[in-house]
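Let's take a walk through a protein model together. Keep the structure open while you read, and look for each part as it comes up.

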Amino acid sequence: MGRIGITLNRFLVEEQARHPDADPGLGPILTQLAYASKIIAREVGRAALVGKLGLMGDRNATGDSQKKLDVFANEVVVDAFTSNGLLYAMVSEEMDNLVELPGGENSQYVMCCDPIDGSSNTDINGSLGAIFGVWPRIPGASVEENCLRKGSDQVLAGYVMFSTSTLLVYANAQGVYGFTLDRELGEFLLSHENITIPQRGHYYSANLGHSHEWGVGVRNYLQWVTADDKENQRPYSLRYTGALVADLHRSLIEGGLYFYPPDPGHPDGKLRLLYEGAPLGYVVERAGGKASNGTSRILDIVPTKIHQRTPLVIGSADDVDEYEHFSSGPTRKRPL
Ligand code: F6P
Ligand code: MN
């Protein structure tokens, strides 16, 4: 049983004592993220009763239709980091520009976040997520330079999954940990200690509606992964929820991969580097998996724009390697 069931706050205190060299500035950020997550979870749970389903009528900076819950969640996260000096600046999917947070002039961190991931699921009671990545501030650099960072510079990243339960997963230099919200106590309790991802899985997640539009390398991969090869447990089973966090969480626990390659409607891929690819890539690498844009490691990419998109393949190390083998050369094939 170990430490299962202890509160997030107690866990953070114990971790700081175990790792005296660990950065003490990250615990308070996690505590505020947990607080914001409880408020978002409550609103997601009662959205149909309090007029929070449906669209705002606007589009966000990357052209997605904004849902009422997207806007609500963004306000909750910004509020959670206003006037407490925890963050210097923040990038959010739901804000056109980065913001410098009031009271954060002397803070040592910047955060990029997707306050509600998978918002096409809001109105159908489907799984939703939230994603965050935290970088240490570069002294003397501009706020833009501080936000346009490669994923490998993160010191903390994670996600929250709003589903049958609300689960907060975070990764830092020490490992990857999951906390389930006990709704009656109103506390996140340790439920997943030292998460590691299986080396290979037997599930794949992708929007196959676009498969005829993919490059030949990715189509070859799809053919391979769905081929009949019982000895090697193929075909893989398809699981696709429409929320990256939910599909990634399955891969993290049970193995497998998620991929969203470029297609004519999304020539640079659909997902955003700073608040989707980089934080989830950090979590998956810490757990022993991989994240790539099809040819290069996601965590090595230095963004030039805050809302930059990227193709993404993420999950079990062997599965991502296999995908890269096919996608990096259109003529590459393996025997089916
Ligand atoms: O945030 C983007 C996102 O909503 C992901 O959570 C999800 O995996 C993907 O887009 C779904 O895109 P599509 O509807 O094109 O399959
Ligand atoms: Mn998202």
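Five strands make an open sheet here, lined up in the order 12-11-13-17-15 with mixed pairing. Strands (E, at least two residues) and helices (H or I, at least four residues) are DSSP runs, numbered from the N terminus, and two strands pair if DSSP finds at least two bridges between them. At the edges sit strand 12 (237–238) and strand 15 (290–292), and each of these pairs on one side only. Further in, strand 13 (residues 257–260) and strand 17 (residues 312–315) run antiparallel and are joined by four bridges. If you want one bridge to look for, try Phe-259, whose partner in strand 17 is Val-313.

A word on ground rules: this is a predicted model, so local features need pLDDT of at least 70 and side-chain atom pairs count only at pLDDT 80 or more, while totals for chains, interfaces and linings use all residues. Residues are numbered from 1 along each chain as its sequence is written, chains are lettered from A and ligands numbered from 1 in the order in which they are written, and side-chain values use heavy atoms, with hydrogens and water left out.

Now for the other sheet. This open sheet has eight strands, in the order 4-3-5-6-7-8-9-10, and its pairing is mixed. Strand 4 (99–100) and strand 10 (187–192) are the edge strands, each pairing on one side only. Strand 8 (residues 166–172) pairs with strand 9 (residues 175–182) over six bridges, in the antiparallel sense. There, Leu-167 faces its opposite number Thr-180 in strand 9.

Two helices pack on this sheet. Helix 2 (residues 26–46) touches strands including strand 5 (109–117), strand 6 (128–136) and strand 7 (156–162), and its direction makes about 15° with that of strand 7. Helix 7 (residues 273–286) also packs on the sheet, with strand 3 (89–92) among the strands it touches, and its direction makes about 80° with that of strand 6. Touching, or contact, means heavy atoms within 4.5 Å. Axes are lines fitted to C-alpha atoms, for helices over the stretch in contact, and the angles run from 0 to 180 degrees between N-to-C directions.

Back to the edge of the sheet: strand 9 and strand 10 pair in the antiparallel sense over five bridges, with Phe-179 opposite Leu-190 in strand 10. The two strands form a hairpin with four residues between them, and Gly-186 in the turn has a positive phi of about 70°.

Which residues are closest to ligand 1? They are Asp-117, Tyr-240, Tyr-258, Tyr-260 and Glu-276, out of 13 residues that surround the ligand (having a heavy atom within 4 Å of it). Some polar contacts (pairs of N or O atoms within 3.5 Å) are listed here:

| Side chain (N or O atom) | Distance to an oxygen atom of ligand 1 |
|---|---|
| Asn-207 | 2.8 Å |
| Tyr-240 | 2.5 Å |
| Tyr-258 | 2.7 Å |

The protein covers 85% of the 400 Å² of accessible area that ligand 1 has on its own (Shrake-Rupley method, 1.4 Å probe).

Next, the rings. The structure holds 13 aromatic pairs, where rings of Phe, Tyr and Trp (its six-membered ring) pair if their centres lie within 6.5 Å; planes under 30 degrees apart count as stacked, over 60 as edge-to-face and the rest as tilted. One of them is the edge-to-face pair of Tyr-221 and Phe-326, at 5.9 Å centre to centre with 65° between the planes. Tyr-221 lies in helix 5 (residues 216–225) and Phe-326 in helix 8 (residues 317–327), so this pair ties together parts that are 105 residues apart in sequence.

Finally, some backbone oddities. Most residues other than glycine have a negative phi, and most peptide bonds are trans. Asn-125, in the loop between strand 5 and strand 6, has a positive phi near 60°. Pro-235, in the loop between helix 5 and strand 12, follows a cis peptide bond from Arg-234, with omega near 5°.

Definitions and conventions:
A polar contact is a pair of N or O atoms within 3.5 Å; within protein, one must be able to donate a hydrogen and the other to accept it, and residues adjacent in sequence count only if both atoms are side-chain atoms.
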